[in-house]
Amino acid sequence: MQNGQERSPGNEVCLEVKSLWKIFGPKPEEILRSELRRAPKKEILDQTGCVLGLRDVSFSVRKGEFFMLMGLSGSGKSTCIRCLLRLIEPTAGSILVEGEDICGYDKPKLMHLRRHTIGMVFQHFGLFPHYSVADNVAYGLKVGGTPKEERYERALKAIETVGLKGWEDYLPGSLSGGMQQRVGIARALAKDPEILLMDEPFSGLDPLIRREMQDELVELQDKLQKTIIFVTHDLHEALKLGDRIAIMRDGEIIQLGTPEDVITSPADDYVRDFVQDATPSKVLTADRIKEEPTLLLYEWQGPQVVRHMLRSARRQNAFVVNKHHQLLGLVTREIVEDLIKRGVPSIKNALIEDVPTCTSETIVEDLFPIATSSHFSIAVVDGRGRFVGEIHDRTILDSMISDKEETNDV
């Protein structure tokens with residue numbers, strides 16, 4: 001999504017939560033069997049002394065998806081993510097990982113799940129201060145019984161993946177907060193888990209380092225395509241990172257959708273208040289504002305034909321594609337006139353190949369630097385380089401103005 005990258009989670013469900021409940025306190029099952037199961041959180045506390053953590057939570061996460069759980073303090077998001085690894089035992093409901101309900105796992109199967117299938121990164125780094133970076137990253141593999149040579153080989157690979165090559169022998173105390181969090185991420189990645197749980201991993205970092213870590217996580221996800229479930233209370237973090245966002249309040253999910261869904265169609269006043277200060281440019285994508293071109297040219301068309309078509313369309317330039325609709329570049333009137341003057345029969349070798357491009361998933365905020373880097377329109381391409389539309393400079397500005405007005409009018 002960011003920096004022109006395209007993330008495309010598949011349709012295969014990797015994790016599914018069904019009617020998950022967590023009630024802290026004595027005899028929680030009695031509450032589930034009574035009328036109190038639908039009572040407000042405060043009423044349950046006042047009448048029973050029990051605290052409602054989760055109420056009938058259901059959602060599914062697709063393989064390779066960046067799924068965000070967000071809400072204010074006390075909303076249930078951290079309780080939910082800890083239930084997914086059974087660090088907190090659910091009161092009722094099911095958690096299916098690859099189709100198996102892990103709520104029925106005994107201790108050995110649960111330990112295997114934690115060591116091989118699901119990794120977790122916490123807000124507080126939890127590093128051993130007297131262990132080197134390499135030792136910290138290899139620790140989980142050591143506990144899991146991985147032979148020494150293999151665990152350090154995997155640890156060094158994970159350290160390099162998070163950009164800390166050369167820091168393997170340093171102690172955590174000599175690293176910055178952002179670097180320490182990278183060690184925490186490397187420790188989780190060393191196990192090569194299918195699913196990565198992240199509980200507000202960047203909330204303790206200063207704003208600049210936090211943004212850098214977000215960007216690095218996006219790049220890492222583009223490379224590794226892990227299934228990530230990420231907890232945050234920060235709306236802009238959720239909008240920046242998430243493929244989908246589940247907004248929680250008082251232990252319930254009150255809206256689940258894409259960042260655009262949440263911004264443009266808030267489910268209620270709570271969500272509306274949550275997102276009212278969100279900047280549309282951080283959410284809206286190129287897909288929303290791309291246009292069908294008034295003229296699209298093909299590589300086999302000769303200069304005379306191209307000149308005629310440019311004149312008829314009153315265009316100074318146009319994008320050129322091949323028979324598979326893949327973008328090859330752009331041709332201008334000046335180039336065509338020169339080709340005709342020199343008697344060159346083809347436009348193929350005279351195309352401007354360095355043209356501004358983005359994907360349908362590129363957010364509008366990232367279109368601004370692309371647009372200012374060239375005086376041509378921006379070509380929108382899919383994951384296979386096929387041309388799917390174009391975006392003009394003025395369209396970017398117009399969309400920002402209209403979408404901001406629509407958001408304010410909601």
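These legends accompany a set of views of one predicted model.

**Figure 1. The whole chain, a predicted model with 16 helices and 16 strands.** Let us start with the overall picture. The C-alpha trace spans about 85 × 55 × 40 Å along its principal axes. Of the 410 residues in the chain, 50% are buried. Among contacts with a separation of 6 or more, 67% link residues 24 or more positions apart.

**Figure 2. The surface and charges of the chain.** About 19,400 Å² of the chain is exposed, and carbon and sulfur atoms supply 49% of that area. The chain carries 52 positive and 63 negative charges, and the mean positions of these two sets lie 3 Å apart.

**Figure 3. Helix α7, residues 177-190.** Here is a helix to follow from end to end. Its 14 residues should span 20 Å at 1.5 Å a residue, and the end C-alpha atoms are indeed 20 Å apart, so the expected and modelled values agree. Turn next to the surroundings of the helix: 13 of the 14 residues of α7 are buried, so the rest of the structure largely encloses this helix. Just past α7 comes Asp 192, which takes a positive phi of about 50°.

**Figure 4. Helix α8, residues 207-224, and the elements packed against it.** This helix has 18 residues, and the distance from its first C-alpha to its last is 25 Å, close to the 26 Å expected at 1.5 Å a residue. The buried residues of α8 include Arg 210, Met 213, Gln 214 and Leu 217; Val 218, Leu 220, Gln 221 and Asp 222 are buried in α8 as well. It is worth tracing what they touch. The buried residues of α8 pack against three strands, β3 (66-70), β7 (195-199) and β8 (227-232), and against the helices α6 (148-161), α7 and α9 (235-241). Helix α7 thus appears here again, as one of the packing partners of α8. After α8 comes Gln 225, with a positive phi near 55°.

**Figure 5. An open sheet of three strands, β11-β12-β13.** The strands lie in that order, and their pairing is mixed. The edges are formed by β11 (297-298) and β13 (327-332), each of which pairs on one side only. As a reminder, strands of a sheet pair through backbone hydrogen bonds, either parallel or antiparallel. Strand β12 (residues 317-321) runs antiparallel to β13, and five bridges join the two. For a closer look at this pair, find Ala 318: its bridge partner in β13 is Val 331.

Notes: Residues are numbered from 1 along each chain as its sequence is written. This is a predicted model: local features need pLDDT of at least 70, side-chain atom pairs count only at pLDDT 80 or more; totals for chains, interfaces and linings use all residues. Side-chain values use heavy atoms; hydrogens and water are left out. Two strands pair if DSSP finds at least two bridges between them. Helices (H or I, at least four residues) and strands (E, at least two) are DSSP runs, numbered from the N terminus. Buried means under 20% relative accessible area, exposed over 50%, partly exposed in between (1.4 Å probe, protein chains only). Contact means heavy atoms within 4.5 Å. Accessible areas come from the Shrake-Rupley method with a 1.4 Å probe; for residues, only the protein chains shown count as cover. Lys and Arg count as positive and Asp and Glu as negative; His and the chain ends are not counted. The place of a charge is taken as NZ of Lys, CZ of Arg, CG of Asp or CD of Glu. The expected span of a helix is 1.5 Å times one less than its number of residues.
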